[in-house]
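Student: Could you help me read how two parts of a protein chain meet? I would like the general idea before the details.

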Amino acid sequence: MNNITLELRKQARKLLEDQVVQLVIGYGRGSDPFRVTPVFVRHPDFVDSLIWNPFCINNLAKYLIEYRYLPGKIAVVIKGCDSRAVNRLIQDNQIERDKIVLLGVPCTGILEAEKVAKTTGYQLELERCSEQEEKFTLHTSSGDFSFAAKDSLITKCYSCYNHNPVVFDIMLGPAAKENPAAVKYSEVESLEKLNVKEKSEYWDMYFSRCLRCYACRNVCTACTCQECIFNQAKPAWVDRINNLSNNTSFHLIRAFHVAGRCVDCGECDRVCPVNIPLRHLNQKILKDLQELYDAPIPGADLETGPALGCFVTEDPEEFM
């Protein structure tokens with residue numbers, strides 16, 4: 001068991017025993033050794049179900065919306081990318097800052113479960129994880145397995161903006177080293193070099209396979225409308241029939257709807273059952289906003305509002 005897990009359980013127990021919070025939202029063991037699942041702890045006797053390891057991928061900030069009307073405070077475990085979502089929820093008046101206790105964890109990257117399992121298999125018990133000089137070592141019932149960070153992380157972690165939470169109340173370990181030189185938009189820049197026909201074919205290929213399951217919308221912390229337009233029958237902004245035209249409309253409307261508020265947590269990519277690279281779509285908008293308005297990544301701080309929701313006299317006006 002690593003030190004962060006021990007400290008997490010200690011802090012969660014204290015918060016619940018002192019009745020500072022009524023609920024702790026964190027990570028627990030999943031269906032196989034390399035997956036985790038969100039867990040919701042309401043009693044000190046159950047804090048041992050909480051864990052932290054380099055497979056804790058979910059952005060738990062989304063659950064703050066579901067529990068915002070729960071009496072008392074809520075504690076939630078947050079990584080750097082998740083913490084930006086918390087700031088955005090506060091800025092969008094979805095939850096009050098006084099309602100939440102943020103348990104921050106330093107994160108140097110999330111391991112890709114499939115890559116790890118190809119080496120280890122699933123027939124083992126993950127006992128603990130350790131990290132040394134950009135190398136992760138998994139200590140298991142079948143021995144130790146080491147993975148270099150440069151070969152084993154999920155894609156979004158190679159262009160991480162914040163290894164440490166930008167906002168927290170309790171930090172559960174020493175701060176991780178940030179990497180400001182990480183390339184942020186290399187994949188988007190490759191797509192920008194395609195001509196119009198090639199871009200259309202690229203997105204048509206992906207949107208034609210969309211199931212319209214709405215998993216990308218449901219997991220998104222920027223999607224907080226009480227009634228989503230895609231659920232409305234009158235007017236029906238997008239036809240319910242699943243085809244390329246309607247699927248394209250769905251994804252473009254959603255991308256513009258979250259423009260300036262998407263925190264680039266990559267959850268839409270993660271949950272898509274047909275592997276549509278939705279993060280590329282949102283990152284293109286992030287890149288344009290940065291170049292046009294010098295806008296920081298949304299949620300980086302509480303003072304900077306969304307680029308498309310604010311106005312300064314220096315804003316470009318080529319379209320006027």
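Tutor: Happily! Buried area is the accessible area (1.4 Å probe) that two parts lose on being put together, summed over both. The size of an interface is often given this way. A note on the source: this is a predicted model, where local features need pLDDT of at least 70 and side-chain atom pairs count only at pLDDT 80 or more, while totals for chains, interfaces and linings use all residues. Residues are numbered from 1 along each chain as its sequence is written, and side-chain values use heavy atoms, with hydrogens and water left out.

Student: Into which domains is the chain divided?

Tutor: Domain bounds come from an automatic or database domain assignment. Here they give domain 1 (3-171) and domain 2 (186-293), with 26 Å between their centres, taken over C-alpha atoms.

Student: What is the area buried between domain 1 and domain 2?

Tutor: About 1,400 Å², and carbon and sulfur atoms give 49% of that. On the domain 1 side, Asn-59, Lys-62 and Lys-156 lose the most area to domain 2, together 34% of what that side buries.

Student: How many residues does the contact take from each domain?

Tutor: Contact means heavy atoms within 4.5 Å. By that rule, domain 1 and domain 2 each supply 17 residues.

Student: Which side chains meet in a salt bridge?

Tutor: A salt bridge is a side-chain nitrogen of Lys or Arg within 4 Å of a carboxyl oxygen of Asp or Glu. Between domain 1 and domain 2 the count is one. Arg-261 and Asp-92 meet in a salt bridge at 3.3 Å, N to O.
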